[in-house]
Amino acid sequence: MVQVQVPEGVAPGGMSGTTVQIAVPAGAGPGTVLEVADPGAVVPEAAVVGISATGTMSQVSGMHALGPQHMPPGFDMLGSTYGVLAKPLAPGESFQSEPGAMTFMSNDVKMSAKFGGFFGTVSTAVSGEALAKVTYTNEGSDVGYVGMTSNQPFSMVIPVQMGAVNGGVLNVKRGAYMAGTPDVTAKAKLLPARDCAACCCGGMPPIIQEISGAPTGAAFLAAAGTIVAKSLQPGEAIVVDSDVIVGFEKDVQFEVKQVGSCMTCCLGGEGCYNTVLTGPGTVYLQSISIDKLMAQLVTVQQESDSGDGGGGGPVDAQRIDR
């Protein structure tokens with residue numbers, strides 16, 4: 001910022017100076033000091049990041065909480081956890097999402113469900129997404145808007161600027177994709193496991209999602225609870241519960257290892273194998289697994305059904321829309 005002093009003889013509304021011209025506001029008489037933007041200052045470009053980790057960092061594990069996310073230009077986030085993503089739409093502009101994501105939209109925005117061709121539809125269905133994508137197009141003459149949120153309960157919306165993702169590709173769990181610009185695609189991909197054992201016993205389905213797009217594209221993922229990130233150096237490995245994996249960059253290797261003794265396999269609560277992710281690359285994990293949540297709800301419902309019929313139990317877990 002620079003300060004400019006209003007000179008003698010300049011009335012409100014008049015222009016002053018030859019190097020810096022400003023409009024003198026009403027009530028600013030001679031001698032008034034005005035603070036305006038420095039015309040010679042260099043305006044830094046906005047940082048472009050794949051997924052921004054803005055929260056606290058663990059000094060013990062090196063895990064970094066994502067925290068409140070910086071939306072790409074042209075997007076707003078209403079709220080943080082369980083937030084609503086809002087995007088303005090210029091006349092004729094389109095945006096796409098999964099079915100059921102729309103929360104509100106302006107009157108001139110029209111929504112339409114479209115298939116991505118035979119192979120695209122099959123790939124989408126196999127990857128865990130709906131058969132069709134919903135496209136929102138502003139057919140009016142004024143700027144419109146659309147707001148959407150995830151179908152997954154307790155979720156956080158994670159923006160991904162594809163231009164900053166390693167190789168423009170991000171591997172994510174099935175159903176993680178929520179919305180994106182028209183130049184972003186979500187398709188089926190074989191789990192990039194190191195061997196057959198990792199593919200069959202790693203906990204994740206053998207088919208996952210691959211998010212890719214143009215450098216200018218933006219994708220939005222949904223994950224539940226607290227989301228943490230860990231940047232792995234080449235050869236660095238981390239053991240994780242496969243249910244908490246949200247995604248990992250394309251160079252990260254996916255494999256498994258046995259949890260230990262037979263008693264540990266049976267009573268440890270993690271099954272027979274743990275997932276091992278090896279760098280280089282960044283991995284993203286969530287604190288709430290919807291699969292585990294649904295399993296707990298089913299258990300509670302079964303216990304309630306076998307009780308005295310007093311009611312008050314949760315709704316059928318099968319009604320939860322992932």
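In which strand does Thr137 lie? Thr137 is part of strand β11, and we'll zoom in on that strand shortly. A quick word before the views: this is a predicted model, with local features requiring pLDDT of at least 70 and side-chain atom pairs pLDDT 80 or more, while totals for chains, interfaces and linings take in all residues. Numbering starts from 1 along each chain as its sequence is written, and side-chain values use heavy atoms, with hydrogens and water left out.

**View 1. The whole chain has four helices and 24 strands.** Both kinds of element are DSSP runs numbered from the N terminus, with helices (H or I) of at least four residues and strands (E) of at least two. Of the 322 residues in the protein chain, 39% are buried (buried is under 20% relative accessible area, exposed is over 50% and partly exposed is in between, with a 1.4 Å probe and protein chains only). Take the contacts (heavy atoms within 4.5 Å) between residues at least 6 apart in sequence: 72% of them join residues at least 24 apart.

**View 2. Strand β8 is bridged to β11 and to β15.** Strands count as paired here if DSSP finds at least two bridges between them. Strand β8 (residues 94-97) runs antiparallel to β11 (residues 133-138), with four bridges joining them. Strand β15 (residues 177-180) is also antiparallel to β8, and here there are two bridges. Ser97 has Ala179 as its bridge partner in β15, while Ser94 is partnered by Thr137 in β11.

**View 3. Thr137 and Tyr136 sit side by side in β11.** The bridge between Ser94 and Thr137 comes with a side-chain link as well: the two side chains make a polar contact of 2.8 Å (a pair of N or O atoms within 3.5 Å; within protein, one must be able to donate a hydrogen and the other to accept it, and residues adjacent in sequence count only if both atoms are side-chain atoms). Beyond four places in sequence, Thr137 touches Gly92, Glu93, Ser94, Asp108, Val109 and Lys110. What does the side chain of Tyr136 make a polar contact with? Look for the side chain of Ser97, at 2.9 Å. Is Tyr136 buried or exposed? Tyr136 counts as buried because its relative accessibility is 0%. Val109 is 27 residues away from Tyr136 along the chain, but their C-alpha atoms are separated by 6.3 Å.

**View 4. The structure holds one cavity of 30 Å³ or more.** To find a cavity, a 1 Å grid is laid over the protein atoms alone, and the cavity is a set of points where a 1.4 Å probe fits but cannot get out; lining residues have an atom within 4 Å of a point. Points are joined across faces, edges and corners, and the volume is the space filled by probe spheres set on them. The largest cavity comes out at about 40 Å³. Its lining includes Ile51, Leu66, Ile158, Leu221, Ile227 and Tyr284. Strands β14 (169-172) and β21 (245-249) are the elements that give two or more residues to this lining. Sorted by type, the lining residues are nine nonpolar, one polar and no charged (nonpolar is Ala, Val, Leu, Ile, Met, Phe, Trp, Tyr, Cys and Pro; charged is Asp, Glu, Lys and Arg; the others, Gly among them, are polar).

**View 5. Ala53 sits in the loop between β4 (33-36) and β5 (64-65).** Ala53 is called partly exposed because its relative accessible area is 30%. Leaving out residues up to four places away, Ala53 touches His64, Ala65 and Leu66. Met63 is ten residues from Ala53 in sequence, and their C-alpha atoms are 9.8 Å apart.

**View 6. Strand β19 is bridged to β5 and to β24.** Two bridges join β5 to β19 (residues 227-232) in an antiparallel arrangement, and one partnership to look for is Ala65 with Val228. Strands β19 and β24 are antiparallel too, with six bridges. Here Ser231 stands opposite Thr282.

**View 7. Thr278 lies in strand β23 (residues 273-278).** Thr278 counts as buried because its relative accessibility is 9%. The side chains of Thr278 and Glu255 are joined by a polar contact of 3.4 Å. Outside four places in sequence, the contacts of Thr278 include Leu232, Gly235, Asp251 and Gln253. Pro280 is in the loop between β23 and β24 (281-286), and the Gly279 to Pro280 peptide bond is cis, with omega near 20°. As background, most peptide bonds are trans.

How values were computed
1 Å grid on protein atoms, 1.4 Å probe; cavity = no way out; pocket = protein on both sides within 12 Å on 5 of 7 lines; lining within 4 Å.
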